[in-house]
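Here's a quick tour of one chain and its ligand. Have a look at the structure first, then we'll walk through a few spots.

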Amino acid sequence: MTDSLLRLRREGAARLQAAGIENPRAECDWLLCRALGCTQTELLLSAKADSRAQSRFTELIDRRAAGEPVQYLLGEWEFCGLPFFVGEGVLIPRPETEILAEYAVTLLKGQAQPVAVDLCAGTGCIGLTIACRVPSAHVYLVEKSPAAFAYLERNRNRPGMVNTTLLQGDILTDALPEIPQCDVLCVNPPYIPADEMPTLQREVLREPAMALDGGADGLDFYRAIAKRWAPRVKPGGVILPELGDGQYDAVRRIFADIGCAVSAIPDNAGHLRVLVAKNHIKGESRICF
Ligand SMILES: C[S@@+](CC[C@H](N)C(=O)[O-])C[C@H]1O[C@@H](n2cnc3c(N)ncnc32)[C@H](O)[C@@H]1O
């Protein structure tokens with residue numbers, strides 16, 4: 001690595017550390033690669049920084065130090081091993097949501113031409129992962145926000161996503177008759193209780209409130225999904241809502257009350273992260289993933 005790159009790297013990491021960034025060295029290298037338009041290997045072996053790349057890097061470090069999420073600055077983030085375009089106006093895909101997507105893939109893989117739905121699709125990380133990994137499935141993805149929908153379209157335009165239909169609409173009010181009865185309905189809804197919104201981490205506050213705010217008790221979307229969307233799942237089909245911390249009991253009740261057989265999948269920390277609601281069959285059990 002050249003002396004000028006080593007200096008940029010040292011100064012960038014120190015700036016991020018002083019700004020309280022948890023992982024300053026790694027983030028500094030990612031932003032340096034972004035500014036230079038190179039890979040991590042090229043950064044170590046052959047990259048050089050001209051004055052324009054240096055000012056691009058300084059600007060990225062300034063923005064990160066001011067609390068912009070590193071994922072927005074990079075413009076892309078990985079989910080289930082696939083790259084997704086991200087930026088202002090769309091929720092950044094979270095690692096814990098991979099549990100939901102992976103489980104949906106497992107359920108759909110053995111089925112002949114199954115139909116899957118991803119409500120509140122955002123970047124499309126759940127539905128597009130399914131589309132990519134289960135080519136025999138057709139996946140319908142619904143998103144209301146115009147800004148998020150633009151990212152959804154960009155991500156769908158990557159190769160291998162032909163088996164998808166994107167719909168811009170409001171899952172709380174629109175009928176969306178284009179969507180047929182489905183085998184698996186996935187949803188990572190806004191689920192933060194409204195009064196907790198101002199207490200979120202500063203990076204999370206840069207993400208759209210519309211992606212996070214689940215109403216007074218955080219459960220508005222689960223109630224609406226049980227009422228409006230469960231009837232659109234085939235008998236024996238499965239609804240997979242992601243759960244916020246501590247929401248399992250309340251959400252379990254909502255889906256058990258409409259006659260679903262309910263279980264849940266824990267994350268690595270042991271929090272029940274995904275509800276598995278089998279349509280129109282009564283009972284309750286827990287499974288491990
Ligand atoms: C928690 S984010 C999930 C995004 C993505 N599925 C993921 O897991 O990263 C919720 C998404 O729901 C969208 N949304 C909020 N209200 C909606 C509504 N009424 N109808 C459809 N989408 C909505 C937001 O814009 C946001 O993209």
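Keep in mind that this is a predicted model. Let's start with a helix pair: helix 2 (residues 24-36) packs against helix 4 (residues 51-65) at an angle of about 140°, and their axes are 8 Å apart. The cut-off for roughly antiparallel is over 145 degrees, so helix 2 and helix 4 count as oblique to each other. Their crossing is right-handed.

Who touches whom? On the helix 2 side you'll find Glu 27, Leu 31, Leu 32, Arg 34, Ala 35 and Leu 36, and they meet Ala 53, Arg 56, Phe 57, Leu 60, Ile 61 and Arg 64 of helix 4. Sorted by class, that contact between helix 2 and helix 4 holds eight nonpolar and four charged residues, with no polar ones.

Zooming out, the domain assignment splits the chain into domain 1 (3-66) and domain 2 (81-278). The C-alpha centres of domain 1 and domain 2 sit 34 Å apart.

Now for the ligand. It has 22 residues around it, and the closest are Cys 120, Gly 122, Lys 144, Asn 188 and Ala 211. Helix 7 (125-133) and strand 4 (138-143) are the elements that each give two or more residues to this shell.

Here's how the two sets of residues divide by class:

| Set | Nonpolar | Polar | Charged |
|---|---|---|---|
| Shell around the ligand | 14 residues | five residues | three residues |
| Contact of helix 2 with helix 4 | eight residues | no residues | four residues |

Conventions: Residues are numbered from 1 along each chain as its sequence is written. This is a predicted model: local features need pLDDT of at least 70, side-chain atom pairs count only at pLDDT 80 or more; totals for chains, interfaces and linings use all residues. A residue is near a molecule or strand if its C-beta atom, placed from the backbone, lies within 6 Å of it. Helices (H or I, at least four residues) and strands (E, at least two) are DSSP runs, numbered from the N terminus. Ala, Val, Leu, Ile, Met, Phe, Trp, Tyr, Cys and Pro count as nonpolar, Asp, Glu, Lys and Arg as charged, and the others, Gly among them, as polar. Axes are lines fitted to C-alpha atoms, for helices over the stretch in contact, and angles run from 0 to 180 degrees between N-to-C directions. Angles under 35 degrees count as roughly parallel, over 145 as roughly antiparallel, 65 to 115 as roughly perpendicular and the rest as oblique. A crossing is left-handed if the near helix is turned anticlockwise from the far one by less than a right angle, and right-handed if clockwise. Two residues are in contact if their C-beta atoms, placed from the backbone, lie within 7 Å. Domain bounds come from an automatic or database domain assignment.
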